[in-house]
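Reader: I'd like to learn how to read a model like this one. Could you walk me through it?

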There are 2 protein chains.
Amino acid sequence: MKVSIIGLGSMGLGAAINCYRAGHDVVGSDLNPAALKKFELAGGRSSDQLADAANSDALLIFVVNANQAEQILSESLLTSLAPDAVVINCVTITPAAAQGFAERVERIGLHYLDAPVSGGAAKAMTGDMSVMGSGSPRAFERATPLLDAIASKVFTLGTAAGDGSRMKTINQLLAGVHIAAVAEAMALAGHLQMDLHRVLEVISECAGTSWMFENRGPHIANGDYAPLSSVDIFVKDLGIVSDAAANHASIPMTRTALELFANASKTGMGQMDDSAVALLLARAAGVRLPGDPTAEEHA
Amino acid sequence: MKVSIIGLGSMGLGAAINCYRAGHDVVGSDLNPAALKKFELAGGRSSDQLADAANSDALLIFVVNANQAEQILSESLLTSLAPDAVVINCVTITPAAAQGFAERVERIGLHYLDAPVSGGAAKAMTGDMSVMGSGSPRAFERATPLLDAIASKVFTLGTAAGDGSRMKTINQLLAGVHIAAVAEAMALAGHLQMDLHRVLEVISECAGTSWMFENRGPHIANGDYAPLSSVDIFVKDLGIVSDAAANHASIPMTRTALELFANASKTGMGQMDDSAVALLLARAAGVRLPGDPTAEEHA
């Protein structure tokens, strides 16, 4: 299949590499030349021109937000795709936005798969993401060779766009709250003068563990805030969760976590790894965590 | 070994049964006759008299809180134990309380193990709890035959009481926040008219999962709030976390979850399963979750 992948961030890069390795004719695009370079170093073909997506059988979208996806899904780009092409949108967006994109794509006779993903950069790189998919049987059929390349779990959540994004909304609520909880737990462990690596080792065998504890906890214990997924991503994603809630009184945990990510972003941490919210909480407790750049300046 | 176990709730009962099955001479005590009956039905010997702990080589404490433990650890009971006996305190208490109990026990020449546990009722019943232990080498040595019977993981966190309870404090922060997050996620899924069992199935394979999501999520999807661990337990445990924090600004997630559990308790849910906080959030969103007794009254 001729495949165009737009957005070569931590998830898109892994997806592009796995599609390429599965034998597809892949071109990867990104606004960031460094992202293009990474894909080229892995043997992929890259382009900074969206026009190179013309005649693709599949368009995989891994950009940051709905606005970027909106710009990509222009009529001129869509009409340039091959007949019977499928648009696989892996961006975290509202269910309503997914429905809107699906209408736009289906109106010109192509297929749309609402296909948000989960698993983080490491699973993206090994082709082991989970896909929360919804769309027509034909959209799934056309997408399957690529989904098989990028994911080890593909959930079929409905025949209409929106159902996949609804599930992703629930996932992001939990993921965002859990990252904030890991940050809070590690900052408190620092205050109690505990060995943070020992905390990781013990709690991962206890009822307090979570996927995010095991994934983000080491970032905090190591003081490594190189962004795999940034603070600003969760400002956006918990905003989507808030939009989905009937009543903000029903999402107190989301609201508290969103405030934490938003405060971190305001203090200049927006592009740091999302686990950097631990630094904000540690500073509030008068604790110095490993890798705190502010603390180092004063040292 | 002659072993006395005080507190036959969901964790203590499992521990008592596993000590008994491991061949120890066990007597189980509880203020609640129903709890005594359960242990007897499992073949154990029970007593409603603390005095029956006399001459025990080990005293395992599984009561609800520090106040109850305080009453049990009277000088008359401690001096009635066998020489070289070990007190294994599995109650979730503050590190300072653990240090105080250790001093009291060690003053009369016995051994104290700060030994909070994790794993829930199911793992207690199969002898697969995790123990966050700290205490003297002799305390560990005396306790080992019993710890081996009740736990599959025993962490040695230090030679002084308090280190085990510090780790349990971190665990309970995460556990309590995660339960609140599960409740919020399931209430939002209800609002979005999603199939709650499908949510469990999908999210447990995604980055939003947690031990508590997989353990408490089914309670909510099934509307089964029979208490394995109650709302009031987390009012207490998140209070311990709050006490441990230097500054309440550093624990916003804990504070929000504590407020939720406290509100649930105030509205009469204190003795329901802790996952029942989902009902409070669902009602705030105008959503009816399975098993909501209020909703049924109005039906």
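**Two chains, one axis**

Author: Sure, and keep in mind that this is a predicted model. Let's start at the rotation axis: A:S210 is the residue of chain A that comes closest to it, with its C-alpha at 1.9 Å.

Reader: What rotation superposes chain A on chain B, and with what shift along its axis?

Author: The general idea is that two copies of a chain are related by a rotation about an axis and a shift along it. Here, a turn of 180° with 0.0 Å of shift puts chain A on chain B, with an RMSD of 0.0 Å. The two copies are therefore related as by a two-fold rotation axis. Both copies use the same surface, too: 100% of the contact residues of chain A recur in chain B.

Reader: How many residues does each chain bring to the contact?

Author: In general, the size of an interface is often given as the accessible area lost when the parts come together. For this one, let's count residues: chain A gives 55 and chain B gives 55. On the side of chain A that touches chain B, helix 8 of chain A supplies the largest share, 17 residues. Other elements giving two or more residues to that side include strand 8 (129-133), strand 9 (151-156) and helix 12 (252-269) of chain A. Sorted by class, that side of chain A has 36 nonpolar, 15 polar and four charged residues.

Reader: Now the sheet. What is the strand order in chain B?

Author: Chain B has an open sheet of six strands in the order 3-2-1-4-5-6, paired in parallel. At the edges sit strand 3 (45-47) and strand 6 (111-114) of chain B, each pairing on one side only. On average, neighbouring strands of this sheet are turned by 20° against each other, direction ignored.

Reader: Which helix packs on the sheet and touches strand 5 and strand 6 of chain B?

Author: Helix 5 (residues 95-107) of chain B does, and its direction makes about 165° with that of strand 6 of chain B. Helix 7 (residues 137-150) of chain B also packs on the sheet, at about 70° to the direction of strand 6 of chain B.

Reader: And at what angle do helix 8 and helix 12 of chain B cross?

Author: Roughly 60°, with their axes coming within 9 Å. That makes helix 8 of chain B oblique to helix 12 of chain B. The crossing is left-handed. Among the contact residues are B:G176 and B:A180 of helix 8 of chain B, and B:T254 and B:A257 of helix 12 of chain B. By class, this helix contact has six nonpolar, two polar and no charged residues.

Methods. Residues are numbered from 1 along each chain as its sequence is written. Chains are lettered from A and ligands numbered from 1 in the order in which they are written. This is a predicted model: local features need pLDDT of at least 70, side-chain atom pairs count only at pLDDT 80 or more; totals for chains, interfaces and linings use all residues. Copies are superposed by least squares on the C-alpha atoms of residues with pLDDT of at least 70 in both. Two residues are in contact if their C-beta atoms, placed from the backbone, lie within 7 Å. Two strands pair if DSSP finds at least two bridges between them. Helices (H or I, at least four residues) and strands (E, at least two) are DSSP runs, numbered from the N terminus. Axes are lines fitted to C-alpha atoms, for helices over the stretch in contact, and angles run from 0 to 180 degrees between N-to-C directions. Ala, Val, Leu, Ile, Met, Phe, Trp, Tyr, Cys and Pro count as nonpolar, Asp, Glu, Lys and Arg as charged, and the others, Gly among them, as polar. Angles under 35 degrees count as roughly parallel, over 145 as roughly antiparallel, 65 to 115 as roughly perpendicular and the rest as oblique. A crossing is left-handed if the near helix is turned anticlockwise from the far one by less than a right angle, and right-handed if clockwise.
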